[in-house]
Amino acid sequence: MFKILKSNWFWLFWATCLICFSITLFASWVLMVGIWFSLFFIFRLTKLEAKLPESAHKLFLSVVLIYPLAETTVKWALSQNIIVNSWWLNRLEHTSWALATTILFLPTLINLWQQLSWWQNLVVIVGLLCLIGNLNEFFEYWMRAKDGIVDYYKFSQFYTDTIYDMMVNILGAALGFVLLKACLPNNSQT
């Protein structure tokens, strides 16, 4: 199975299928899937992916394969009213997004991981994910504001949602750190 996942042709096909299917959902999701696979191919073509230890590499490939499919499926099910959007589903999505994004950035974090202490790694991972997550939340808030909602009470609920999403991004990043700590070899520093 992992031999197939090492093939660039497989990944081009997989990314193309998910991006094309995502067009049926909404433009911002196509952008997110496009960025996800762009980062993957950057890490692959710059040989950063090849520097991962085998267990970390399997985790990386598994997350790159499964997360966009799972999240695209949830987005599609929401758009078709198969599942109902709720506060807990949204929090679960943001937590899993932060966890998956931590793993996606593993090729760039591996060198830091080996040089920094555990608490410094925690700060780097949570900081990186908060930066990316906050940019996503500002984009989401801007998209909602652009719609020209006149009902200020409803618009104020988007602010609350944004704050909660930012909080669970921290939780997902912390879970990503714990997963990396269990998966990667210990560094020499304390």
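# Exercises on an all-helical predicted model

In this protein, 74% of the contacts with a separation of 6 or more join residues that lie 24 or more positions apart. The model is predicted.

**Exercise 1.** Determine how many helices and strands the protein has, and what pattern they follow along the sequence.

*Solution.*
1. The count gives 8 helices and 0 strands.
2. Read along the sequence, these elements give the pattern α-α-α-α-α-α-α-α.

**Exercise 2.** Assess whether the radius of gyration of the protein agrees with that of a compact globule.

*Solution.*
1. For 190 residues, the rule for a compact globule puts the radius of gyration near 16 Å.
2. The protein has 18 Å, which agrees with that expectation.
3. The extents can be added to this: the C-alpha trace spans about 55 × 40 × 25 Å along the principal axes.
4. As for burial, 42% of the 190 residues count as buried.

**Exercise 3.** Compare the end-to-end reach of helix H5 with its expected value, and state how much of H5 is buried.

*Solution.*
1. Helix H5 comprises residues 87-104, 18 residues in total.
2. From the first C-alpha to the last, H5 reaches 25 Å, close to the 26 Å expected at 1.5 Å a residue.
3. Of the 18 residues of H5, 13 are buried, and the helix is thus mostly covered.

**Exercise 4.** Classify the relative orientation of helices H3 and H5, and describe their contact.

*Solution.*
1. Two packed helices are described by the angle between their axes and the distance between the axes.
2. The axes of H3 (residues 27-45) and H5 cross at roughly 25° and come within 11 Å.
3. Angles under 35 degrees count as roughly parallel, and H3 and H5 are therefore roughly parallel to each other.
4. On the H3 side the contact is made by Met 32, Trp 36, Leu 39, Phe 40 and Phe 43; on the H5 side, by Trp 97, Ala 100, Thr 101 and Leu 104.
5. Sorted by class, the contact of H3 with H5 has 8 nonpolar residues, 1 polar residue and no charged residues.

**Exercise 5.** Carry out the corresponding analysis for helices H6 and H7.

*Solution.*
1. H6 (residues 106-115) and H7 (residues 118-146) pack at an angle of about 155°, and their axes are 10 Å apart.
2. The cut-off for roughly antiparallel is over 145 degrees, and the angle makes H6 roughly antiparallel to H7.
3. H6 contributes Leu 109, Leu 112 and Trp 113 to the contact, while H7 contributes Asn 121, Val 124, Ile 125 and Leu 128.
4. By class, the contact of H6 with H7 has 6 nonpolar, 1 polar and no charged residues.

Conventions
Residues are numbered from 1 along each chain as its sequence is written. This is a predicted model: local features need pLDDT of at least 70, side-chain atom pairs count only at pLDDT 80 or more; totals for chains, interfaces and linings use all residues. Side-chain values use heavy atoms; hydrogens and water are left out. Helices (H or I, at least four residues) and strands (E, at least two) are DSSP runs, numbered from the N terminus. The expected span of a helix is 1.5 Å times one less than its number of residues. Buried means under 20% relative accessible area, exposed over 50%, partly exposed in between (1.4 Å probe, protein chains only). Axes are lines fitted to C-alpha atoms, for helices over the stretch in contact, and angles run from 0 to 180 degrees between N-to-C directions. Angles under 35 degrees count as roughly parallel, over 145 as roughly antiparallel, 65 to 115 as roughly perpendicular and the rest as oblique. Contact means heavy atoms within 4.5 Å. Ala, Val, Leu, Ile, Met, Phe, Trp, Tyr, Cys and Pro count as nonpolar, Asp, Glu, Lys and Arg as charged, and the others, Gly among them, as polar. The radius of gyration is taken over C-alpha atoms; the globule rule is 2.2 Å times the number of residues to the power 0.38.
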